[in-house]
Amino acid sequence: MQISEKIKNIRVSGTIKMAELARKMQAEGHDIIELSEGEPDFDTPEFIIESAFDAARNGQTRYTSVPGTIELRKAISKKFYNDNKVEYHVDDIIVGTGAKQLIFNALLATINPGNEVIIPAPYWVSYPDMVKIADGIPVIVPCDSLNGFKITPEKLHKAITNDTRWLLLNSPGNPSGAVYSSEELMALADVLRDHKKVSIMCDDIYEAITFGNNQFYTLVEVAPDLHDRVLTVNGVSKSHAMTGWRIGFAGGPNDLISAMSKIQGQSTTNASSVGQAAALAALEGSQENLGVWNLAYVRRMRLVRDRLSAVPGLALRDPQGAFYHFIKCSDLFGKTTPQGDQLTSDNALCLYLLQYAHVALVAGTEFGCPGYFRLCFAKSDKELIKACDSISEAIKLLT
Ligand SMILES: Cc1ncc(COP(=O)(O)O)c(C=O)c1O
């Protein structure tokens, strides 16, 4: 079958690639600890599951309106207002099959060939390829680890050209764990005010997961005057342990939401009806789990940090949010494995750790930041301890 030139140039997501490799080794009988995929290990709370059963039994098994049920969009509007102090009318909200579909549709709806999209690196693996599928040009801006991997106003200013269409902002960040403070967002807003043609996509999917004093803010909250230039993307995948339900949502200017709805109407129609009912329960029900899970994430983040920061050649900084450690490993480059292979990249190290420590991780190169790897700590303490011990043992074998 002929495959289009465009799709030939698209990478398979690095996270999915690693998870597939881990599954293959598991099928061959190896006991692999999977720390490459980014999802909570908690089960979806029972009351959410029950609401999906009820919805299915009550006949909510048919198409819904393309941008989502009115009930869910009302609940999302309330969520934006209560949690973020941002006003989005129900007509300015769309529900999709995960935040991923909404980001994709927003790019598809707005990019003309040659338009540029600024992506601070390290970035979520999917952004650059989504931009390419939409015929845009990803403009990768490497961000300094000393600045917590956040884009600075100076770097943003330099990256903007006449062709810039979007800035993609992700806070808390995957894989960096960076959480932009209100001051940092305001400083970026100052630059953006001078460039009215640039829209801003705020990917807030990890909003619920922040540590210590790092409070979450979204751009429109601190710069309300930018309201009509921002798409605020969020969902229940990470916050409510609902990755498999595939429900994301976004609020934005009506013309953009309508265009995204048009694409959705010609592709997947609505997000799953029972999934929407479950998301409604998630947003309207008790949020108690979020606090409990956050405490578990903090404990696990520290557990990994304490164990791995003692390993020569690895350097860790505490993330401010999300559930990843982004670990510097470039000091190990040049070392030799017991099999006599020289490690020359983060990808080679991750492959070595998969084969010899039986831990699946993702190389920083996949996130546009070579010299690092990402470890997801949304796993049980037992698995994390075993993984850290195995990583440490495998690294000790390098000469
Ligand atoms: C930064 C970021 N944005 C968006 C998504 C996609 O979220 P969803 O599962 O709701 O499609 C992910 C998932 O890993 C992510 O890490």
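Trainee: At what angle do helix 5 and helix 10 pack?
Mentor: Keep in mind that this is a predicted model, where local features need pLDDT of at least 70, side-chain atom pairs count only at pLDDT 80 or more, and totals for chains, interfaces and linings use all residues. Residues are numbered from 1 along each chain as its sequence is written. Axes are lines fitted to C-alpha atoms (for helices over the stretch in contact), with angles from 0 to 180 degrees between N-to-C directions. The axes of helix 5 and helix 10 are 9 Å apart, and the angle is about 105°.

Trainee: So what do we call helix 5 and helix 10 relative to each other?
Mentor: There are cut-offs for that: under 35 degrees is roughly parallel, over 145 roughly antiparallel, 65 to 115 roughly perpendicular, and the rest oblique. The two helices pack at about 105°. Helix 5 and helix 10 are therefore roughly perpendicular.

Trainee: Which residues of helix 10 make the contact?
Mentor: Two residues are in contact if their C-beta atoms, placed from the backbone, lie within 7 Å. Helix 5 brings Leu102, Asn105, Ala106, Leu108, Ala109 and Thr110. On the other side, helix 10 brings Leu256, Ala259, Met260, Ile263 and Gln264.

Trainee: How many nonpolar residues does that contact of helix 5 with helix 10 have?
Mentor: Ala, Val, Leu, Ile, Met, Phe, Trp, Tyr, Cys and Pro count as nonpolar, Asp, Glu, Lys and Arg as charged, and the others, Gly among them, as polar. The contact has no charged residues and 3 polar ones. The nonpolar count is 8.

Trainee: In what order do the strands of the open sheet come?
Mentor: Helices (H or I, at least four residues) and strands (E, at least two) are DSSP runs, numbered from the N terminus. Two strands pair if DSSP finds at least two bridges between them. Here the pairing is mixed, and the 7 strands come in the order 2-8-7-6-5-3-4.

Trainee: Which strands stand at the edges, and why is one side of each left without a neighbour?
Mentor: Each edge strand has a single partner strand, so one side has no neighbour in the sheet. The two in question are strand 2 (93-96) and strand 4 (137-142).

Trainee: What is the bridge partner of Val95 in strand 8?
Mentor: Strand 2 and strand 8 (residues 248-251) run antiparallel and are joined by 4 bridges. Ile93 stands opposite Gly251, while Gly96 has Gly248 as its bridge partner. For Val95, the partner is Phe249.

Trainee: Are the residues on the two faces of strand 2 buried or exposed?
Mentor: Count the other C-beta atoms (placed from the backbone) within 10 Å of a residue's own: 20 or more is buried, 12 or fewer exposed, and in between partly exposed. Helix 4 (residues 70-84) lies across strand 2 and strand 8, and helix 10 (residues 254-265) lies across strand 2 and strand 7. Ile93 and Val95 point one way, Ile94 and Gly96 the other, and all are buried.

Trainee: Which residues come nearest to the ligand?
Mentor: A residue is near a molecule or strand if its C-beta atom, placed from the backbone, lies within 6 Å of it. Helix 5 (residues 98-110) gives the most to the shell, with 3 residues. The shell divides into 3 nonpolar, 8 polar and 2 charged residues. Of the 13 around the ligand, the nearest are Gly98, Ala99, Lys100, Trp124 and Ser237.
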